[in-house]
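Got your viewer open? Here's a short tour, one selection at a time.

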Amino acid sequence: AEIMMSGHGSPYIAQVSAASMGTLFRALIDGLHYRGTAYYQAFTTCQPEHGVPDDASELQAIRIRDSRGMPEFVFDPGKGETYSEALYVKGNPNYQNDWYTKRSKGTKERFIYTVAHWALTETRFRRHHKKIQPDKLEGKQELLDILRNVTMQDIIHHRYLDKNHHSYIPNWGVYLVDHTDDGKINHHLLSRQMVIFCVERRKAWRMLQSKAGIENKDYLDQKEYLKNLQSEQV
């Protein structure tokens, strides 16, 4: 969908799902009335292949949208001549930040909901996470702390494999805290690939935000943090 948004900016494009039925049907109506090509990309689960219950398609659509795994957007060229005029991403929760701050139905606590949290809910990712007891977390690093230290450039240049670099990602040395709807708090170790997945999805979301004219304060804070960190290391 984002590839089709590039170039001459002629097609009407909507990346939507059952996560927001209002946005979905509005996009369908607007696309049908648009005097040009309309392209829709809609997320839905493959229940058996993804390992989710048959009645969970809408829930999984909400989870992947909220986790930045597949954010929703509408690109309507009729709104103007620039990306910031034509691109709408405000249907995503916490659209000005990196991640969505979610409140657990069970614990009532707020926590940062990343794409790794969504991956816990589909068994196709089962080889990339495993539960760990809280008393076994010594020496492990929390996911958000790691993500603050890493950019996609660190991944591209393989700096994340250097134990002496601040972006080093230890395989199965990173954990996240998950608040389940039934009130449980679970800790999961993550594979290195899952952490990289978070970094990649975060950058994709930041790129989309920038096209929509949204300034992400989390990104600005990270740049300042890394600038200070690198100056200290020098």
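Which residue does D30 form a salt bridge with? Select D30 and R26 together: those two make the bridge, with their closest N and O atoms 3.2 Å apart. Before you go further, keep in mind that this is a predicted model.

**Stop 1: the salt bridges**

Stay on that first pair for a moment. D30 and R26 sit four residues apart in helix α2 (residues 21–33), so about one helical turn separates them. Colour by accessibility and you'll find R26 exposed, at 53% relative accessibility, while D30 is partly exposed at 25%.

The structure holds six salt bridges, so let's visit another two. Select R124 and E122, where the closest N and O atoms are 2.6 Å apart. Is E122 buried or exposed? E122 is buried, with a relative accessible area of 1%, whereas R124 is partly exposed at 35%.

Now jump to D154 and R159, a salt bridge with its closest N and O atoms 2.7 Å apart. Here the acid, D154, counts as buried at 4% relative accessibility. Its partner R159 is partly exposed, with a relative accessible area of 29%.

**Stop 2: an arginine in α4**

Next, select R65, which lies in helix α4 (residues 57–66). R65 counts as buried, since its relative accessibility is 11% and the cut-off for buried is under 20%. Show side chains and look for the polar contact between R65 and the side chain of D66, at 2.9 Å. Then expand the selection around R65. Beyond its neighbours within four places in sequence, R65 touches A19 and S20, then M70, P71 and E72, and also G91, N92 and P93.

**Stop 3: the four-stranded sheet**

Switch to cartoon view and find the open sheet whose four strands come in the order β7-β10-β9-β8, with mixed pairing. Which strands stand at the edges? They are β7 (129–132) and β8 (141–142); each has a single partner strand, so one side of each is left without a neighbour in the sheet.

Now pick out β10 (residues 185–190), which runs antiparallel to β9 (residues 174–179) and is joined to that strand by six bridges. Zoom in on V174 and you'll see L190 of β10 standing opposite. The two strands form a hairpin with five residues between them, and G183 in the turn has a positive phi of about 95°.

On to the pairing of β10 with β7, which is antiparallel too and spans four bridges. A handy residue to select here is H188: in β10, H188 is the bridge partner of K131 and also of L176. How many of the six residues of β10 are buried? Five are, so β10 is largely enclosed by the rest of the structure.

**Stop 4: the largest pocket**

For the last stop, turn on your pocket display. Rolling a probe the size of a water molecule over the atoms shows where empty space is left. The largest pocket holds about 320 Å³ of space. To centre the view on this pocket, select D98, W99, L144, R148 and D218, the closest to its centre of the 15 residues that line it. Then colour α7 (143–149), α9 (192–211) and α10 (217–233), the elements that each give two or more residues to the lining. Which of them gives the largest share? It's α7, with four residues.

Key:
Residues numbered from 1 in each chain as written. Predicted model: local features only at pLDDT ≥ 70, side-chain atom pairs only at ≥ 80, totals over all residues. Heavy atoms only, no water. Salt bridge = Lys/Arg side-chain N within 4 Å of Asp/Glu carboxyl O. Buried < 20%, exposed > 50% of the residue type's maximum accessible area, 1.4 Å probe, protein only. Pairing = 2+ DSSP bridges. Polar contact = N/O pair within 3.5 Å; in protein donor to acceptor, adjacent residues only side chain to side chain. Contact = heavy atoms within 4.5 Å. 1 Å grid on protein atoms, 1.4 Å probe; cavity = no way out; pocket = protein on both sides within 12 Å on 5 of 7 lines; lining within 4 Å. Points joined across faces, edges and corners; volume = space filled by probe spheres on them.
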